[in-house]
Amino acid sequence: MKRFLLLCLFLLGLGWAVSNFTGLATQGTFDSIVLDFREDLTQTEIADRIRTIADQYQVVPQLNSKFSKDDNIYVVRGDRDLLRSLRRSLRQDTEAIEPNFIYRIDTQPMNVAAIILGDSNNFPNDPLYGKQWNLRSINIEEAWKETQGEGVTVAVIDTGVSRVPDLKDTEFVPGYDFVNNRREASDDNGHGTHVAGTIAQSTNNGYGVAGIAHRAKIMPLKVLSAGGGGTISDIAEAIRFAADNGADVINMSLGGGGETQLMKDAIDYAYNKGVVIIAAAGNSGENAAAYPARYPRVVAVSALDSTGNKTPYSNFGAGVDISAPGGLTQGDNEDGGILQETIDPATGGSTFAAFQGTSMASPHVAGVAALIRATGVDSPDEIVAILKESSRQVAEDPFNHFGAGHLDAASAVQVALRGQISFRDFFRWLRESGYLSPRFWIDGGAVALLPKIAMVLGSYLLAWFLRNYFPFRWGWSMAGGLIAGSSGLFFLRGLYIFDLPQWPMRVMGSSLPELGGAIQGSSVLNPVFASVLIPAVLVVLFLGHPEWKWLAIGTTIGVASFLVISAFISPAVWGLGSGAIARGFLVINALLCMGLASLALKSETTIA
């Protein structure tokens, strides 16, 4: 019974890992190239190589995956000729230079500008989404699986917002024009509409580009004139208007010099009413954030380019809280900018334009704040803490270019959902696990219905517990550790080979806690092997190794599960008997193993 329970736990985890594994295509068409730079190159050296590529080939490599920053993986537009040239010129600096194959849902010809570089499920279907490197760099697609900003209102305090075609499906709530003192807060500059697009551009509508929290509502508040200037009094009034009219998040992509009590009081007023306030750090390249970003209750955002470095124009240092994509355009090449639909102030018509600035970085953070708010976290203190905690930390940042780190939407939403059990998550787990199949529930008849319900609920709670408190990375090292610590290759115990001793089979068929009695064939547990001692030694030895650490962590979790089950089914321990003392010994060591695994995983997260 004990081994059967352990086997079920292992198969459940293995099934989950297999169901979440996605294969890679090895052939097909491509129009971009993957550059996997060596791990021993510094960020400065990589930036030099990227500038060389940009100067020589007139294309700019961009970060384009969830782990691209840590793994030094970049993507650059190019064909087979460029592929051959890069392989010749960068052979010594890279681990691999490969085609970045394109996945499509049909075989219809596509315009180059409409190629989608997203995942194979074709969400979102906005044809210019492939040009939005900035959204992929914050891992937005993983965040969208949990929330898209439903029910949250974001106030855009800027030059106004015009309802361009790619904001047609975005919900608006009434705002105000503080420059012209009227209710309609339309844009006559283009800046505010662009900012609103980053936050909540209509998404998956088959047109244009995407927005971060595209199901959030936009509250347009115009405080800047067509020339881009505005007064502190108008801005402070707009902040209070937003707080009084249901805004959950405020974005201010504006700034300047001068601290005033009027502005500070307005910010405190909104914050005390539960509003999160985000602002641009400024574009003068100075060692301090501008106002209003500099105020204590405002999240100041510095700007990153497509390689994850601070842009030359971005302010940094004192007051900067976090960094986000702000773009960097060079000459006529706008690929490094932030692409959204806005208006052409000369004609009033709509246009897709790539801008750069901390003004573009700030709405990225505002959009992610809206995603966090949509998960049910409503305290500004908690939302700001989640933004900072979930950011990708930069190990060497002596001048505070990045604040807490690089914005990460997926990680932020995961931290916000930590400890929450939601119907959406449960339903998705049922679908992915195959439990929505009618055949599963019909087989076995009514007699099997209650056990199946108990099994499904228990399996979900176990998966939820592991995901939230032990978010390990599945792999053969992890699986091997779980087997070694929990059940061993137990089927070998009953295998007999003519004229050969049976003890080697008993050893290979035993779990780590059982090894103390395996040679003698005793079922009584040795307290040295059936304790936290050996897992602790493995963790100390292998925690610094990129692969073997998962074997140590898996073994530790496996030993914990074995000890828990043994405490209730067969608590016989040498020298302690099989009563309450033995049970207590096993339970205490199981808890110590779980604590050790948790600490090891936290150490892994910190290092990453």
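This is a conversation between a trainee and a mentor about a predicted model.

Trainee: Where should I start, and what is the secondary structure of the chain?

Mentor: Start with the overall count: the chain has 20 helices and 14 strands. It holds 608 residues, and 49% of them count as buried.

Trainee: How do you know that V368 is buried rather than exposed?

Mentor: Set its value against the cut-off. Buried means under 20% relative accessible area, and V368 has 0%, so V368 counts as buried. You will find V368 in helix α10.

Trainee: What does V368 touch, beyond its neighbours within four places in sequence?

Mentor: V368 is in contact with I138, I212, L387, L407, A409 and A412. Take L407 as an example: it is 39 residues from V368 along the chain, yet their C-alpha atoms are separated by 8.5 Å.

Trainee: And A361, is that buried or exposed?

Mentor: The same kind of check works. A361 also belongs to helix α10. Its relative accessible area is 0% and the limit for buried is under 20%, so A361 is buried. Leaving out residues up to four places away in sequence, A361 touches V301, S302, A303, A324, P325 and G326.

Trainee: What makes a group of residues a nonpolar core?

Mentor: The members must be buried residues of certain kinds, Val, Leu and Ile among them, joined through side-chain atoms within 4.5 Å. The largest such core here has 55 residues, and I140, V365, V368, I372 and L387 have the most contacts inside it. Helix α10, residues 358-374, gives the largest share of this core, nine residues. A second, separate core has 32 residues, including I235 and I250.

Trainee: Why might nonpolar side chains gather like that?

Mentor: In soluble globular proteins, nonpolar side chains tend to be buried together.

Trainee: Why are α10 and α12 called roughly parallel?

Mentor: Look at the angle: α10 and α12 (residues 409-417) pack at about 25 degrees, with their axes 9 Å apart. Angles under 35 degrees count as roughly parallel, so α10 and α12 are roughly parallel to each other. Their contact is made by V368, L371 and I372 of α10 and A409, A412, V413 and A416 of α12.

Trainee: What about α10 and α11, at what angle do they cross?

Mentor: The axes of α10 and α11 (residues 380-389) cross at roughly 120 degrees and come within 10 Å. Here V365, V368, A369, I372 and R373 in α10 meet I383, I386 and L387 in α11. The crossing of α10 and α11 is right-handed, and α10 also passes α12 in a right-handed crossing.

Trainee: Which residues does I372 touch, not counting residues up to four places away in sequence?

Mentor: I372 touches V377, I383, I386, L387, A412 and A416.

Trainee: How do you know that N181 is exposed while N400 is partly exposed?

Mentor: Exposed means over 50% relative accessible area, and N181 has 55%, so N181 is exposed. N400 has 23%, which falls between the 20% and 50% limits, so N400 is partly exposed. N181 sits in the loop between β7 and α7, whereas N400 lies in the loop between α11 and α12.

Trainee: What is the phi of these two residues?

Mentor: Phi of N181 is near 55 degrees, a positive value in a residue other than glycine. Phi of N400 is likewise near 55 degrees.

Trainee: Which two residues does a cis peptide bond join?

Mentor: Y291 and P292, with omega at about 10 degrees. P292 is in the loop between β10 and β11.

Definitions and conventions:
Residues numbered from 1 in each chain as written. Predicted model: local features only at pLDDT ≥ 70, side-chain atom pairs only at ≥ 80, totals over all residues. Heavy atoms only, no water. Helix = DSSP H or I, 4+ residues; strand = E, 2+ residues; numbered from the N terminus. Buried < 20%, exposed > 50% of the residue type's maximum accessible area, 1.4 Å probe, protein only. Contact = heavy atoms within 4.5 Å. Axes fitted to C-alpha atoms, helices over the stretch in contact; angles between N-to-C directions. Parallel < 35°, antiparallel > 145°, perpendicular 65-115°, else oblique. Left-handed = near helix turned anticlockwise from the far one by under 90°.
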